[in-house]
Amino acid sequence: MSGIRPLVAGNWKMNAGDPASALDLALAVAGATAELAGLDRVDVAVCPPFTAIATVAQALSGTRVAVGAQDLHWEPAGAYTGEVSAPMLAGLCRHVIVGHSERRHLFGETDEQVRLKLQAALAAGLCPVLCVGETLDEHDLGRTAEVVGHQLDAALQGLPDEAVLSLDLAYEPVWAIGTGRAATPEHAAEVCRLLHSRLAERFSAGDRVRVLYGGSVSGANAQELMGQEGIDGALVGGASLKARDFAEIVAAAAGAAVPERTL
Ligand code: PGA
């Protein structure tokens, strides 16, 4: 942690999108997190598929669990079949994931599109969670710092100073996503700290931006990861589909958020 209030966000991906399962999972997450000690020290969000956002937002209103989307289009409206825009989401949810590696690698999303999406989200009053991360080849070639630095610079190009406070960053090494092979806490923290420094160099409020870690975060490894200096929470895929596992990760972030553990 870096003394910044952590965020634990669940990315449901293309799961639990039918109204009944989305409702069940949302209520289970609300139930499992509601009784956690220290819940007031951490922000929590779930990001269902578009089809379930309204149902989940309604089920979670009045709870401490916020809602986000997984993607958006950069234009506010128009002839873009199948797309969903920032103004459409703004009335429904608070967060939106931008530049997830599955969007970049499976759907060919470019740095320029990520930048446009980030700007569109901010303009609509949404809080983007910008994802950056290196592939296994890039990692093995020792190019992590260069790759994530480039992704960060490209996405934030032209961003006014104060806007940076509305966004969160997530370091998600591609090789750790959905593989069960999380980055070591040392590697994750080192890259998160590097991103913190880069943000602080470029923006006057850059040192107040949260940098999450994502990639095979689980109940079993959350405590160690969340306890690292520089990691301000988690972006969680697989484990966010099981309310108890997700709650364990939230508890780990809440426990790490204060110097004296009260859990
Ligand atoms: P995972 O996914 O936790 O299943 O590795 C993380 C993500 O894609 O954000």
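For the exercises below, Ala, Val, Leu, Ile, Met, Phe, Trp, Tyr, Cys and Pro count as nonpolar, Asp, Glu, Lys and Arg as charged, and the others, Gly among them, as polar. The model is predicted, so to speak on paper: local features need pLDDT of at least 70, side-chain atom pairs count only at pLDDT 80 or more, and totals for chains, interfaces and linings use all residues. Numbering runs from 1 along each chain as its sequence is written, and side-chain values use heavy atoms, with hydrogens and water left out.

**Exercise 1.** Work out which residues are closest to the ligand.

*Solution.* Start with the shell, meaning residues with a heavy atom within 4 Å of the ligand. There are 13, and the closest are Lys-13, His-100, Glu-172, Gly-178 and Ser-216. Next, sort that shell by class: 4 nonpolar, 7 polar and 2 charged.

**Exercise 2.** Find ligand oxygen atoms in polar contacts (N or O pairs within 3.5 Å).

*Solution.* Take the side chains first. Lys-13 puts an N or O atom 2.7 Å from a ligand oxygen, and a polar side-chain atom of His-100 also lies 2.7 Å from a ligand oxygen. Then check the backbone: a polar atom of Gly-178 is 2.6 Å from an oxygen of the ligand.

**Exercise 3.** Describe the lining of the second largest pocket by class.

*Solution.* Lining residues have an atom within 4 Å of a pocket grid point. Count them: 18, with Lys-13, Gly-178, Ser-216, Gly-237 and Gly-238 closest to the centre. Now split them up, and you get 5 nonpolar, 11 polar and 2 charged residues.

Note on methods
A polar contact is a pair of N or O atoms within 3.5 Å; within protein, one must be able to donate a hydrogen and the other to accept it, and residues adjacent in sequence count only if both atoms are side-chain atoms. On a 1 Å grid over the protein atoms alone, a cavity is a set of points where a 1.4 Å probe fits but cannot get out, and a pocket is an open set with protein on both sides within 12 Å along at least five of seven lines; lining residues have an atom within 4 Å of a point.
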